[in-house]
Amino acid sequence: MGVGPPVLRLSGVSKTYASNGGHSLRALREVSMEVGRGEFVSLVGPSGCGKSTLLGLIAGLEAPTDGAIEIAAETDGSPGRVAYMPQRDLLLPWRSLLDNATLGAEVGGGDRAVARRRAQSLLPSFGLEGFADALPHTLSGGMRQRAALLRTVLLDREILLLDEPFGALDALTRAALQEWLLDVWERLKAAVLFVTHDVEEALWLSDRVYVMSRRPGSIQLDLAVDLPRPRTRDMRGTAGFAALKQRLLDALLADTA
Amino acid sequence: MNRSRFARIAPALVVLAALVGIWELVTRLAAVPEWLLPSPTVIVVEFAESLPQLAPHTARTLLEASVGYGAALVLAFVVAALIDQSGLARRALSPLLVTSQTIPIFALAPLLAIWFGFGITPKILIVALACFFPIAVSLAGGLRNADPDMQALVRSMGGSRRQVFSKVKLPSAIPALLSGMKIAASYSVIAAVIGEWVGASQGLGLYMLRASSSFQTARVFAVIAVIAVLSVAVFLAVDVVGRWIAPWIYVRTEEAQT
C-alpha cells in the first residue's frame, strides 16, 4: 500500500487545552502516525481518548500545541486539505440532499453545475437515487449517513477522515453500510482514516489499525491487518481474525488496568 | 386537518359569540345611550357607513407601519450581523440593546413630533423603533445559537467567515428571526396609531381621536376593530412568508401534532 510518501504523517502531535482554573487538560500526547496513499487505516480507542480532537487537528480546525501534521508532504495547517466527515451527519436542514452533497464545491468556489451533475451521477451508487430534492428530515438514518459520505467524497481529497460514521446506526444498517463503504473506497482510490470504538469494525475494514490509550491519548499499538481483499463477511469467523481481535483487545484493556 | 383545525378554534368562537350576544342584549334591554356604549349591530352599521372615509386612513396607517417595519428589519439585520461578527461590536452594543428595551418607546412619540413635525416621518420612526428591538434581539440570539459543528464543517472545507455566516449561521437563525418579526409585526400597526395620536393629517389614529372628541363612540369601536384586524393580518402575513421561505422549520412541530 505505502507507495511513495504517506498522504498523512503526524509527528509528535500533542494538544493541551488551557482551562480557567489554571489547570490544563492534556488531550493528546505525542501522537505519531502515518496513512499511506490509498490506505484504509482505523483508529480505535476508549471514548474520550481524543480521537475526535485528533481528527479536528488534521482537518485544520484547531492547531496542535506541539508537533507537525503533514498532508501530502505539506505542513501549512490550513483547513480544506482533507475531506472531513464529523460524527453527526450535519446535513443542513434547509438544503435538499443534492445541495447538501455539493456544499464543498460551493464553499471551494468550484463550478456548481459540474458539481451537481457529478453528485447526480453518484446518487445511485450511494443508494440515494430519486432523493436529490429530498430535505434531510425525510431521510432515514442510514440514508443521511450515506448523504454525508457523498458530501465528503465529493470534496475530492486524497484522504477522507471519517469520525464514527456508523456509530448511531442499528446493527443491520451498520453491517450493510460497512460492506458498501469498502465498495466505495475500492473505486475511489483515496486513503481513509476511520475513527471507531468498535474493534471488529476496525479490523474488518482496515489495512492497519492504531490503538489509542485513554486521555491523554497516545498511540499504543500499530497493527497490520493481513486479511486478503476483497473482504468478505465470513472472514469475521476465522482464527486469523480472532487472533487480531485478541491483540487489539489486549492493547485496549492493558490501558484500563 | 381542516376539521381538526376548526375543532381547535371552535371553543374560542363560541365564547366570542356569547360575549357579543350578551353585549347586544344588555345594551338593548338597559337602553344604554349610544354615545356611552353602542351595541355590536350599531358598530357594524357605523363601520359600513364610514367605510369610504376609513379606507384612506387605513391605507395611510398601513403605509407608515410597513415602511417603519421594513426600516427596522434592515437596521436590525445590520446591527445583529455586526454583533455576531465583531467581539468589539458585541461588547459595545449588546448591553445597550438589552437595556434599551426597558425604554417605553411610545412615550417618545411627543418628542419625535417636536423634532420631525407632524408629517409621516415621526410615525415611521416610532414604528421602526418599536419593531427594531424584538427583531434585532431575536436575530442576534439566533445567530449566536447556530450549531457550532455545522460551522466547523464549513470551516473544514476551507470556508471563510463570510461563508460560515451565509451558509450556516444566517439560515439557522431564520426561526428566531421569524419569531422576532412576528412580535414586531403585532407592534407595528399600534405604533403607527400612537404616532398619529400626537398629531397627524391622516391615519386611523387621527380618525379615532376625531370620533372620540365628538362622542361618535360607535366609530371609535369601528376603528379599534380595524386596528385589531390589521394587527392580526400583518402577524399572519409574516407567518405565511415564513412558511414559504423556511418550510423546514414547520416540519417537526406539524409531525408532532398529527
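Student: Which helix of chain A does Q145(A) lie in?
Tutor: Keep in mind that this is a predicted model. Going along chain A, residues 141-153 form a helix, and Q145(A) lies in that stretch. The helix asked for is α5 of chain A.

Student: Is Q145(A) buried or exposed?
Tutor: Look at its surroundings to start with: leaving out residues up to four places away in sequence, Q145(A) touches M85(A), Q87(A), D89(A), P165(A), F166(A), L169(A) and L177(A). Its relative accessibility is 8%. Buried means under 20%, so Q145(A) counts as buried.

Student: What about A175(A), and how does its relative accessible area class it?
Tutor: A175(A) has its place in helix α6 of chain A, residues 171-188. Its relative accessible area is 34%. The class between under 20% and over 50% is partly exposed, so A175(A) is partly exposed.

Student: How far apart are the C-alpha atoms of A175(A) and L205(A)?
Tutor: Along the chain, A175(A) and L205(A) are 30 residues apart. In space, their C-alpha atoms are separated by 11 Å.

Student: Let's zoom out. Why is chain A called as compact as a globular protein of its length?
Tutor: Chain A has eight helices and nine strands. For its 257 residues the globule rule gives 18 Å, and the radius of gyration is close to that, so chain A is as compact as a globular protein of that length. Its C-alpha trace spans about 50 × 50 × 40 Å along the principal axes. The radius of gyration itself is 18 Å.

Student: What share of the chain A contacts with a separation of 6 or more comes from residues 24 or more positions apart?
Tutor: As background, buried residues make up 52% of the chain A residues. Of the contacts with a separation of 6 or more, the share from residues 24 or more positions apart is 69%.

Student: On to chain B. How many helices and strands does it have?
Tutor: Reading along the sequence, the pattern is α-α-α-α-α-α-α-α-α-α. The C-alpha trace of chain B spans about 75 × 55 × 30 Å along its principal axes, and 43% of its 258 residues count as buried. The count is 10 helices and zero strands.

Student: How do α2(B) and α8(B) lie relative to each other?
Tutor: Helix α2 covers residues 40-85 of chain B and helix α8 covers residues 204-213, and their axes are 8 Å apart at an angle of about 135 degrees. That angle is neither over 145 nor within 65 to 115 degrees. The two helices are therefore oblique to each other.

Student: Which residues of α8(B) make the contact with α2(B)?
Tutor: On the α2(B) side, the contact uses S50(B), Q53(B), L54(B), H57(B), T58(B) and T61(B). By class, the whole contact has four nonpolar, five polar and no charged residues. The α8(B) side is made by L204(B), L206(B) and Y207(B).

Student: Is L206(B) buried or exposed?
Tutor: L206(B) is found in helix α8 of chain B. Apart from neighbours within four places in sequence, it is in contact with H57(B), E196(B), A200(B) and S201(B). H57(B) is 149 residues away in sequence, yet 8.3 Å away C-alpha to C-alpha. At 11% relative accessibility, L206(B) counts as buried.

Student: What covers the buried residues of α8(B)?
Tutor: The buried residues of α8(B) are L204(B), G205(B), L206(B), Y207(B), M208(B) and A211(B). What covers them includes three helices of chain B: α2, α7 (161-197) and α9 (217-245).

Student: Which handedness does the crossing of α2(B) and α5(B) have?
Tutor: The axes of α2(B) and α5(B) come within 7 Å and cross at roughly 35 degrees. The residues in contact divide into 22 nonpolar, one polar and four charged. α2(B) passes α5(B) in a crossing that is right-handed.

Student: And how many nonpolar residues are in the contact of α4(B) with α5(B)?
Tutor: The axes of α4(B), residues 109-116, and α5(B), residues 121-144, come within 9 Å and cross at roughly 140 degrees, which makes α4(B) oblique to α5(B). The contact is made by A109(B), L112(B), A113(B) and F116(B) of α4(B) with T121(B), P122(B), L125(B), I126(B) and L129(B) of α5(B). One residue is polar and none is charged, and the nonpolar count is eight.

How values were computed: Residues are numbered from 1 along each chain as its sequence is written. Chains are lettered from A and ligands numbered from 1 in the order in which they are written. This is a predicted model: local features need pLDDT of at least 70, side-chain atom pairs count only at pLDDT 80 or more; totals for chains, interfaces and linings use all residues. Side-chain values use heavy atoms; hydrogens and water are left out. Axes are lines fitted to C-alpha atoms, for helices over the stretch in contact, and angles run from 0 to 180 degrees between N-to-C directions. Helices (H or I, at least four residues) and strands (E, at least two) are DSSP runs, numbered from the N terminus. Angles under 35 degrees count as roughly parallel, over 145 as roughly antiparallel, 65 to 115 as roughly perpendicular and the rest as oblique. Contact means heavy atoms within 4.5 Å. Ala, Val, Leu, Ile, Met, Phe, Trp, Tyr, Cys and Pro count as nonpolar, Asp, Glu, Lys and Arg as charged, and the others, Gly among them, as polar. The radius of gyration is taken over C-alpha atoms; the globule rule is 2.2 Å times the number of residues to the power 0.38. Buried means under 20% relative accessible area, exposed over 50%, partly exposed in between (1.4 Å probe, protein chains only). A crossing is left-handed if the near helix is turned anticlockwise from the far one by less than a right angle, and right-handed if clockwise.
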